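Please open the model in a viewer and keep the selection panel at hand. The stops below proceed from single residues to cores and pockets.

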Amino acid sequence: RHPDTPKSVFSLMWSTLQSGEAFGGYVKNRSASGCYYWVFAVAAPVGDGYLSVRLKPSTPLFEKMRGLYSEILNAERDEGLLPEAGAARIVEAVRANGFRSYNAFMGYALACEMTARCEALGVPVDQSIAQFQHMGEHLIRMTEDVKHVRDIFRGIATVPVNLSILGSRLSERRAPIQEIAINYKMQSDEILQTLEAMDRSMTDLLAKAYRGRMGHCASCFYEEAIGAYERDEPNKQTRGHSAELKVLQSALSKFRTDAQQGCAEIASQVAKFTEVIKELSPYNASGADEI
């Protein structure tokens, strides 16, 4: 480990790994000769241990994180910032830059770094990486739309009360207005409950999408690394090499499973949302025309 890498980064990494999840992040390493090199590491729990595959970072996002690491390192040295508190500060920083969580950040960062690497090498970029990016953007817009509509319904929650007050002031037609107020409240409460449930589901869905994106990008990355190890390792005829390949393949299998499950859950949830939206629509096409 290079001393310029904040302890907080490793605190975040180990807490993620020990929870059974993969971790992606920028790390400054030191070689045996004393030189340093930066990597974007993708580490994952495998069997009784952990496996890390790394690439050379080159995007503007990398430069931003270097600046953040410098701030965290200074806080560790000068303010006595503890690693756990520093890890929380890193998470806060990525959220302040528009990411909903560190998981969202690390999948996005890995996708960007892999794309930049492919462009630098002059090799095709896996189109599924861009598709995952676009899917995430659409899901974010859907989440914001659901929250917006939910907030509108929260804002008009006083309408039935106002109608009841208005009805109480009338000498005639009081009963119909109060009846309208009661029906309005029942319908708006039902719609609001549906929107609240959709909001919670969208938050969960985004988390699954981020995990799926990370899984897909990591599976592409690990597959390339495993292919190189299988092809170029000098001791590839040994029993140990075969055993190590099984370990590598198990890590790759988990990433693929995460990606596949993420896609399946997103498709299922979006289908449910479509049905809910139909139920919320006040009129069908023919009814609207008649009105």
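**First stop: helix α7**

Select Gly227, whose place is in helix α7. The model on display is a predicted one. Gly227 counts as partly exposed, because its relative accessibility is 24%, and the class of buried residues ends under 20%. Now add Leu245, which is 18 residues from Gly227 along the chain. The C-alpha atoms of Gly227 and Leu245 are separated by 9.6 Å.

**The whole chain**

Zoom out and colour by secondary structure. The protein has 9 helices and 3 strands. Read from the N terminus on, the elements run α-β-β-β-α-α-α-α-α-α-α-α. The protein has 291 residues, and buried residues make up 38% of them. A contact map of the protein can be split by sequence separation: among contacts between residues at least 6 apart in sequence, 65% join residues at least 24 apart.

**Helix α3 and Ile90**

Next, select residues 83-96, which form helix α3, and within that helix pick Ile90. Is Ile90 buried or exposed? Ile90 counts as buried, because its relative accessibility is 2%, and the limit for that class is under 20%. Show the surroundings of Ile90: leaving aside neighbours within four places in sequence, Ile90 is in contact with Ser8, Val9, Leu12, Leu68, Ile72 and Tyr102. For one of these partners, Leu12, draw a distance between C-alpha atoms; the value to Ile90 is 8.6 Å, although the two residues are 78 apart along the chain.

**Helix α5 and Gln127**

Move to Gln127, which has its place in helix α5. Gln127 is exposed, because its relative accessible area is 55%, and that class begins over 50%. Add Thr115, 12 residues from Gln127 along the chain. The C-alpha atoms of Gln127 and Thr115 are separated by 9.8 Å.

**Helix α8 and Ala259**

Select Ala259, which lies in helix α8. With a relative accessible area of 7%, Ala259 is buried. Which residues does Ala259 touch, not counting residues up to four places away in sequence? Display Phe132, Gly212, Gly215 and His216, which are the residues that Ala259 touches on that basis. Then add Cys217: its C-alpha atom and that of Ala259 are separated by 8.6 Å, with their positions 42 residues apart along the chain.

**The nonpolar cores**

Show the side chains of Tyr26, Val42, Tyr102, Phe105, Leu110 and Tyr222, which touch the most other members of the largest nonpolar core, a set of 55 residues. Tyr102 has already appeared as a contact of Ile90. Centre the view on Tyr222. Not counting residues up to four places away in sequence, Tyr222 touches Val42, Ala43, Ala44, Leu51, Ser52, Val53, Ala251, Leu252 and Phe255. Apart from the largest core lies another, of 13 residues. To locate this other core, select Leu195, Leu205, Phe273 and Val276, which are among its members.

**The largest pocket**

Switch on a pocket or surface display. The largest pocket has a volume of about 220 Å³. Of the 12 residues that line it, select Met142, Asp145, Val146, Met198 and Ile277, which are the closest to its centre. Three elements give two or more residues to this lining: α5 (127-155), α7 (174-232) and α8 (239-280). Which of them supplies the largest share of the lining? The largest share comes from α8, with 5 residues. Colour the lining by residue class, and the division is 10 nonpolar, 1 polar and 1 charged.

**Last stop: the cysteines**

Finally, select the cysteines and display their sulfur atoms. How many disulfides are there? The count comes to 0. Cys118 is in no disulfide, and the nearest cysteine sulfur, that of Cys220, is 8.8 Å away. For a disulfide, the two sulfur atoms would have to lie within 2.5 Å. Cys118 is buried, because its relative accessible area is 14%. Cys35, by contrast, counts as partly exposed, at 48% relative accessibility.

Conventions:
Residues are numbered from 1 along each chain as its sequence is written. This is a predicted model: local features need pLDDT of at least 70, side-chain atom pairs count only at pLDDT 80 or more; totals for chains, interfaces and linings use all residues. Side-chain values use heavy atoms; hydrogens and water are left out. On a 1 Å grid over the protein atoms alone, a cavity is a set of points where a 1.4 Å probe fits but cannot get out, and a pocket is an open set with protein on both sides within 12 Å along at least five of seven lines; lining residues have an atom within 4 Å of a point. Grid points are joined across faces, edges and corners, and a volume is the space filled by probe spheres set on the points. Helices (H or I, at least four residues) and strands (E, at least two) are DSSP runs, numbered from the N terminus. Ala, Val, Leu, Ile, Met, Phe, Trp, Tyr, Cys and Pro count as nonpolar, Asp, Glu, Lys and Arg as charged, and the others, Gly among them, as polar. Buried means under 20% relative accessible area, exposed over 50%, partly exposed in between (1.4 Å probe, protein chains only). A nonpolar core is a set of buried Ala, Val, Leu, Ile, Met, Phe, Trp, Tyr and Cys residues joined through side-chain atoms within 4.5 Å. Contact means heavy atoms within 4.5 Å.
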